[in-house]
Every structure is written in C-alpha cells, then in structure tokens.
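Walk me through the ring contacts and surface patches of this protein. Start inside, then move out to the surface.

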Amino acid sequence: MYLYNLTLQRASGIVCAVHGNFSGSKHQEILVARGKILELLRPDHMTGKVHTLLATEVFGIIRSIKAFRLTGGNKDYIVVGSDSGRIVILEYNPSKNVFEKVHQETFGKSGCRRIVPGQYLAIDPKGRAVMTGAIEKQKLVYILNRDSQARLTISSPLEAHKSNTLVYDMVGVDVGFENPLFACLEIDYEEADADPTGEAAQKAQQTLTFYELDLGLNHVVRKYSEPLEEHANFLITVPGGHEGGTEGPSGVLICSENYITYKNLGDQHDIRCPIPRRRNDLDDPERGMIFVCSATHKTKHMFFFLAQTEQGDIFKITLETDEDMVTEIRLKYFDTVPVATSMCVLKTGFLFVASEFGNHYLYQIAHLGDDDDEPEFSSAMPLEEGDTFFYAPRGLRNLVLVDELESLSPILSCQIADLANEDTPQLYVACGRGPRSSLRVLRHGLEVSEMAVSELPGNPNAVWTVKKKADDQYDAYIIVSFVNATLVLSIGETVEEVTDSGFLGTTPTLACAQLGDDALVQIYPEGIRHIRADKRVNEWKAPGRKTIQKCAVNQRQVVIALTGGELVYFEMDPTGQLNEYTERKELSAGVVCMALGTVPSGEQRSRFLAVGLEDNTVRIISLDPSVTGDLSDTRTRYLGSKPVKLFRVNMQGSESVLAMSSRSWLSYYYQNRFHLTPLSYEILEFASGFSSNQCPEGIVAISTNTLRILALEKLGAVFNQVSHPLEYTPRKFVIHPESGSLIIIETDHNAYTEETKLQRKYQMAEEMREAAGEEEQELANEMAESFLSEQLPEATFGAPKAGPGMWASLLRLMDPIQGKSQVIRLEQNEAALSLGLVKFSSHPDHQYILVGVTKDYQLNPRQVGGGFIYTYRLVKEGQELEFVHKTPVEDIPGAICAHAGMAIVSVGNLLRVYSLGKKKLLRKCENKVHIPNFIVSIQALGKRIYACDIQESVFWVRYKRSESQLVIFADDATPRWVNTSCLLDYDTIALGDKFGNISVIRLPPNVNDEVDEDPTGNKALWDRGYLNGASQKAEAIFNFHVGENILSLQRATLIPGGSESLVYTTLSGSIGALVPFTSHEDHDFFQHLEMHLRAEHPPLCGRDHLAFRSFYFPVKNVIDGDLCEQYNSIDPAKQRSIAEDLDRQPSEVSKKLEDIRTRYAF
C-alpha cells in the first residue's frame, strides 16, 4: 500500500517578514516566510487589501530572510538562510511570476545545527555585503557586487569565527560607504563551561562586538567589543551616512530587559532609557519587560522606529542629535496591536503586523503621534536606577485597521463532522493562544461578500450587464429579463430603472451585449434589436412562425438558433452594420445551448461556435473555413443535483467561469493552477459579471425574486471561516454525537482566573487608597474607581501574566452553529489537560464527560500537587452539563478514552481502568510497569488498548477483563515523541510527532496477544524481550516528514461520495491529508513524476527534497503531492520533456494531478 500527501490549506503562521520593491516597479511588496513556504504579498495602495502574488514550497526550513538592494539599483533581492547549509539569493521575476535563484553557495552541512550558519542574516545597508551566522561559533561574510553585464555577483565566503561564543542577534551598521560593519550580540561561555560551581555562568556578561569587512584587504576583523550591563535580546540599526539628505548618527539601539540603549563607536556616550510600563498592571511585578520586534521608517528628512513590547504595546522611538552625537532617546506610546514576530512599515504608509499567533493585520498609519497629548518619555528625564515611566494603554488612535489576513496558527485540535447537515462535512478547528483563541468552523468554499440585495417585482429568469462603449471601464446597465418583460437599470452612484436605453421592455430577453465600439444588441424570441450609439434602432425579425430559441453573442458576432435547429449567423462589418450570412445551417436535433468565444485582439471574429444538442452531443462549428480540429482532454467534476448553467465573469483581470447547480462554483486560474471552488452562498439561478466604481470585479446574480451584487475578495482561499471567540487556549474538544454540541477544555499557563483577577484588582485599588494622604483621598478614590471600571479587551491588550506555575482553566459546552456556550470555570491553578466522552455500562442511559485536571503543575522540572478527574453528566439532550463528582489521582491525567462501558485513564505513566461509582470513579485495574515516561494518547478497540508514550512511541496492551489485568504484548522499536494518534485498524495505528513526522505502525501478522503476565518472575529469559521492552515488535509501514509539529490526526471523508483519507493539522495552521492510491498504475505514474521533478526542479532554498522528507526517518511508501503539483508551475519545455519520459501529454499529467485531488478532497 502507498500513500499520497496532499496539502489542503497551506501554513498560515508567519516566522519572519521583510518588505521591499521585489518586482522592480514602484509597488512595495511584503515577503513572508511561513516555515517552509515563501509567500509574496502586495497590499493594494488604494484599498489596502492584501493580495498574494506568489507562494512557493521550498522543502526546507526557512530560518531567516532579508531584502537588499545594490547601490543605484531599483529592485530588491532576497537572501534566505535555511537548513540547507547554503546561502541562497533569489530574485522575483514578475513576468513569469516566479522566484529565480540567482546564487546558491554551499558552506556547511544541512539540517538546523548549532554551528552551521543560516540562523541569522545581516545586510550592509548599502547592499555591499551579507553576513550569515550560526547560533554558535561560525560567521561568514559574502561580498555582493555587479559584473560588467550588471548581474549580481557574490564572493567566496570570508570567515569571522570565534569558538565558545553564542550569538543572540546580528545586524549591519549603517556607515555610508566606509568599510561595511556588522554588530553582533554575543556571550562567551568558555569560563562558564570550565567552572563546575556555576558561579562563572551567573556572572557571564553579554558583549556587543563590531566586525569590520576590510574591502581593501578582503578579510573580516573584530574591530571592537564591550560588555553589556543588562541581558539583551535584539539590535536595531540606526540610519547613518550623510548622502541623500538623511543625516543619521549611525550606531545601534540595544533592546534589553527593562532598558533600551544607544551605542556607537568613537566618542559617543551610551544613552540609556528604561522601557515604560503600564500603569496599574496586573502582571507579576518581578517580571522584566522586553521589546520583541521593531520596524524602522526612514524618509529623506527624518527617521523613527516602532518597537513592540511583549504585551503588544508599540512605542515610537526617536533620537535627538547634536551635530553627530546622540543626546537623548525619546519614547512615546503609539498604539497596541497583537504581539508580532515581525513588523514592516511600508513607504505607502501601511504597517504590516505578522502576529505570533492568530490573524495578521495591515494598518494604515493615520497619524505619527506627534501632536497628541500622550506623554513623551526621554532618557534625559531624571529617574532612580531601577525605576521606570508609566503610561495608560488605550484603543487605536494612530493606526487604522484596513485588512486582516486569516490565520489558523496554531491548530491545537480538529474534528471533522457534518453537524450543520450540509452534505459536505465541516472542519471544527480549535486554534489560537490565550485570549485571542477561537473555535473556527471551516467550510470548503470561497467567501462571498454581499454588496447589495434588492427585491424585484417578480421572479426574473435572467440578468446581464453591458457597457455603453467597448473601452468603458465600468458597466452602464443591468438588464433583468422576466417571463413577459425586460427591466433596464442604470448603474451610477445608485442603481435605478431607466426607460430611454433603446431596449424593448415588453418582451423577455434571451441575451444582450455590447457590440462593436459603441452599440448594443438585444436578442428576444421574435428578433434581434441592434441599438446604435445615437439611439437609432435596426431590427431583424424572425421569419414566419419560427422564434429564436437560443443565441450566442460576442463583441462582433451574433448566432441564433431558430425553432427546429436552424442556425443563423450575423457578423459586424467595418461600418458597424450587422450582416446576415446567406447560408444557414440545419442541425439534426433541437439546440439546447450555444456559446461563442471572445474575439481575440487584432482579429475580426471568434473562430469557433460550440452548440449543445438534444441528442446529447456537443458540436464545434468553425466560423473560419481555414480552421479545423478536434476536442481532447475532457475533465469531469460533479457540481450538484441541478442542471448546470455556465457564465463568463472576470476575476483578477482574466476570464473565469461561474457554474451554477445546487451549489455555485467558480473556475479560475490563480497562481499557476486552475481552481474549481464552490461559493459559500445560497443557491443562485443566473449571473453575469459586474463592474462599477465601488466594486470593480463583482458578480450580479438573481435568486428567487432578489437581485444581488456580490464580490469575491479572497481568491485562492480553500476554506471560509466562521469564528467563535474563546477565553483561554483550547486544548482538546469532543463532539456529543446526539446533539452536535462541542465540549471544549481551555487552559492557560501563566494566567489568572476571572475570580483571581478581580481579587487582584480590588487589592490594588485598596493599596491606592491606603497610599494616598488625607488631602488626596478623594482623588485616590476616583482613581481606584476608574481603575476598577476599566475593561480593556484582552484579545487586543493581552491577558495579565501571573507568573510560572499559575494556571487558569474552564470547560465549555458550545453549540457550534449558533455559537452559544455554557461555561464551567475551574479554580486558580487547576489545569484541565484531558477530556473524554464516556458511556458507562452501569448507567447506559446517560453520557458522561470526564475531565482530567492537575493541580499546582510546574512545567520544568515537572512537578504536580496531585490531580482530579471531574465527572459531569450531559443532561437536557446534551444541552447542559451537570457536575457528578471528582476523583483524586496522584499524577497528571494525560489521556482519557471510553472502552466497553468503562473509562481508560492515564495517570502519569500508569494506565488505569475506571467504572462509575456514586461518590467517585472506581478503579478496576492498572498497569504499573513498562510504560516509561508519560502517556499522552490512548485508543481502544476490541480487547486491545493502544497507549502512546511522550517519548517512546506506542505500546499495545491486552485488557483481560476476567483477571482484571492489563498486559503489554508488543511495542515499537523506534523512539517517537508522540503528540497524537489515530487508529486505522486492529493492528495499525498512525502517529504524529512533535518533530513533524507522520508514521503508520503495524503489528506483523504472526503477533500473539494471548500473553500472560508472570507475577513470579520465573519466566524463561528469552521471553523477556530486549532492554525490558515487550517481546514482540511492531514495524513502520509509512514514514513521512511534514516539517511542522503535528497536533491532530483523524480518518475522515472530506467530500460527499469521496473516499476516506488520513487528515492531519499542524501547529503552523496547515491542514493536509494522506490518501491511499487505488491502483498500482497510479502509484507507478506518481513515483516516476516525483523522481523526475526531484531531478529537474530542485527546491528553491537548496535543500535536497528526498533528504528533507527523510529528516528523521527515511521516507517510506509516501509520495509527496506538494512536489508533484509543482509540475504545473515549471517551464513549459521542462513540462513537455517530463511528460514525454512518462509517455504522456502535459495536459494528461495535469489531469492526473487534478483527479487524485478531487477524488479525495478539493
């Protein structure tokens, strides 16, 4: 058996982002790295909507990206640091819409290693050199230049290694055109390593080291190094140099715990300013404050920095200078946005925020915050050592949100079910972190935004839009046809009825269009009406008793089918007159439908007419005698239960097809491949493209008696989302099958419960009152009252950090369709970690929810103050939870599973079976030995229990009910750090691990589970197994490295009538499926295609594809669909040569790729 890996939704978390002019035009683009994907985004500077230009899988881990521009150039290049042991420089080619590799230089081994560079990148601001560094020891500098053809050149690497040194960050210093200078945050651990007492490690100081690249001597020297007082986490380059109008002081800003410091070489003194804190903050007061990311904005006359704290507050930082010396640092609270991994300030006045978790945002910078009443803090203000400034956070004042990019990262749990009874299953995804968490319901389809809905006087049967002139940008009329009339609406600021358009209103319309340069045509059952620009009307009447049944029309041609299957053809002459061709064509059957293509530019006519007849045939009729041909490459998709209608619309400047059945579908070309995606909208009956000032690319459609104007903004999206907010990070959830309710456990570390938060607030308010003198008592009371009434939304401002070992949890019963919830809160420091839905054989009428809770849990080293299993009964048909009792246990209940009317619970590394008692759960039996660390997941089937250890893969356990024994009879020989498991059959289990591998483990057919536990220990030695393991071993039948931490696995059918697949979700927000091949021929074809693509189209960042997919275990029996699907985006000549080697046509290869996708998913 073989599997094929399909990605359904690409990763949506962003690791790092940079901005620049990558296309060489005036547009500013944002390049984001999403783990193993490089994606280029362009914000529309008019609307602010962010569009994806290109997304490419690189089959490697992108660790850092930087943009640089050669002096005098107008285009930015991209340098990528990855796990390939190579430095790669890319250029975006806008005409082909691809990233092209300009240089690829190997310097070390592949993989993310401590001493192989790639973790850090620093660019000289003038684009003359790039430094790449490892976490430890190694740094390499490459010189960048141009050759005589103005192509980018790269030198051989220059070493700047230093042993026993860890690097925290590195940046290029802006020194104008002097020798390039790089600044690094380092720490020397040589003494700490040699000192067994650990004192040296406590005293070790970070240093700021400057490395200079001497362009004359062509080598790198350590120019200067000095120790730092505080522990720093990153550096910001300060603009410098005297050319081009900006006079900057150069040097660096060092962001460290509680302080920001300016340093430079030479006579410059250090300027140090504390990082301001929120006034009346509920956070742990001992906690330090750090900046986590920053963005620099530089114009000809000024520059400033935006730096964000770990609470999400952004400060605007400016430097005051006297000649070339910096005299003070000024900080001003700017606004609060979600905590980011990267921020980019674009020249067009946008701020892009790539959030750590959850959705990403694009803001318009409306004000620079210069003239508001927000206090400005300065390093020149006198303060005691250790004191800081205080400010009050508030809603957005300087920023305006213009676009939101949906991100599922991190997906912590996922279930696939059709709870809304829609035929197609929905994906219920618990994602996010802390107060920004949500439960999202994903449906396959494009999100539709309604621009307008208006009722019509009756039920129309068709709608069209037409322009007045061929070169008009927007449509002028909407024509709506009824059974016995036609309504003409003009499009302006509003849409209103007009009567002077020249259209005949007393008859239904079959079609209408804009004809020639400035004429219109209306086709109705009795004839054709040609309306000239000056409102003159020419009419052609249908002969005798015949009427027009069907018609097709484009800019220059009209074809009509009369009763009895007779075709009449008209073409426009150069004077703008419609001329009928003398020859008419008789067809053997009645015409059901017909279509003309658009006229290609520079030609007089479209060469083909397609006609569908009642005898189930489609005929292609040539309108140009010199052209012949035949039809090939047919592809079929099931669209729904109603007859299909097709309409031509424009999307992203190119033609697309809207297909309507019991669902509406859009077929469009986007990022090098065709998509056929349903619209998440009610049933439509007829549609046409629509273009106006407010909605340049819309659709006008009719549904029963309404006219709707719709827009599709998120092309390329696989799912549309309905989001329900949650309070804490969701850990797990189960579905109650009878009511369709979800039961979710939410738990946050370093958090307060609502009750504790209120207690802390009252305590702080009391302290305020006590601290005030008698005269200030009134003021203190006012301050305390306003503090208590202040409610900042935690989703934006973050939840207070309570300190390590503090936990907040709740249990939520939610109706996922309505979004209504019942919430049960747990006490402070109780952490809910596991959940199970159980039907006990002693109480078969009720279903119970078991929640595994641990108390006073410390993560490292792991310590617990005991645990409980809370038991709740589902009442009122699954609409409410009722507390039954709680059962104390001595360790963490890590997993709960229902089996044969009992509950199987793991307690630390023990496996227990419980039944329901009156006061607590009753322990039936337990297994005390052999599972080494901690059980994270339990599955059960028949007489077997499958227990997964956090480090040691899976154990097969036999439950002997009569003897109340749990006996391990088989295990896995390979250690695996399991996160999640899914049972495939009695002998086979799929595992997802924290290093991004999916493995399927199967017991060999000769395994015997009738084993006996030997209490005496006298059993023969050969039966003991190796190293205390079980005597029988399972074998891996599939291994595949996804490259992202796998957090859920399940068997599911994704489309109605489709086959089952193994669906996985990851921490980065991607959703994928492993699907089985149904024939040897298919597997053989894809295996060869994968082999050819590995050779012909190697990954972009220099990683070997086979090595990447075999990161931890050699890839086994899985073919990578992500690589195979890159076939559609490679050079057509390469496509042909690969197709020839496979004895196919390129179109057949594309069809095969599409078929395997649509058979299982979308």
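Trp464 is buried, and Phe686 is buried too. In this predicted model, that label calls for under 20% relative accessible area.

A pair of aromatic rings is described by two things: the distance of the centres and the angle of the planes. The model holds 33 aromatic pairs. Trp464 and Phe686 form one of them, with 5.7 Å centre to centre and 70° between the planes. Planes over 60 degrees apart count as edge-to-face, so this pair is edge-to-face. The contact links distant parts of the chain. Trp464 sits in strand β38 (residues 462-466), while Phe686 belongs to strand β58 (residues 686-690). The two residues are 222 residues apart.

Rings also gather into a cluster. Ring pairs join Trp977, Phe995, Phe1108, Phe1111 and Tyr1112 there.

Now the surface. Phe608, Val618, Ile620 and Leu631 make a nonpolar patch of about 400 Å². Take Leu631 from this group. Leu631 lies in the loop between β53 (618-622) and β54 (645-651). Its relative accessible area is 63%. A patch residue needs over 30% relative accessible area, so Leu631 at 63% meets that condition. Leu631 also counts as exposed.

A second surface patch carries negative charge. Glu247, Asp322, Glu323 and Asp324 gather in it. Where does Glu247 lie? Glu247 is in the loop between β19 (232-237) and β20 (252-256). Glu247 has a relative accessible area of 55%. Exposed means over 50%, so Glu247 is exposed.

Terms used: Residues numbered from 1 in each chain as written. Predicted model: local features only at pLDDT ≥ 70, side-chain atom pairs only at ≥ 80, totals over all residues. Heavy atoms only, no water. Patch = residues over 30% accessible without salt bridge, like charges linked within 9 Å, V, L, I, M, F, W, Y side chains within 5 Å. Areas by Shrake-Rupley, 256 points an atom, 1.4 Å probe, with all protein chains shown as cover. Salt bridge = Lys/Arg side-chain N within 4 Å of Asp/Glu carboxyl O. Lys, Arg positive; Asp, Glu negative; His and termini not counted. Charge placed at Lys NZ, Arg CZ, Asp CG, Glu CD. Helix = DSSP H or I, 4+ residues; strand = E, 2+ residues; numbered from the N terminus. Buried < 20%, exposed > 50% of the residue type's maximum accessible area, 1.4 Å probe, protein only. Phe/Tyr/Trp six-rings, centres within 6.5 Å; stacked < 30°, edge-to-face > 60°.
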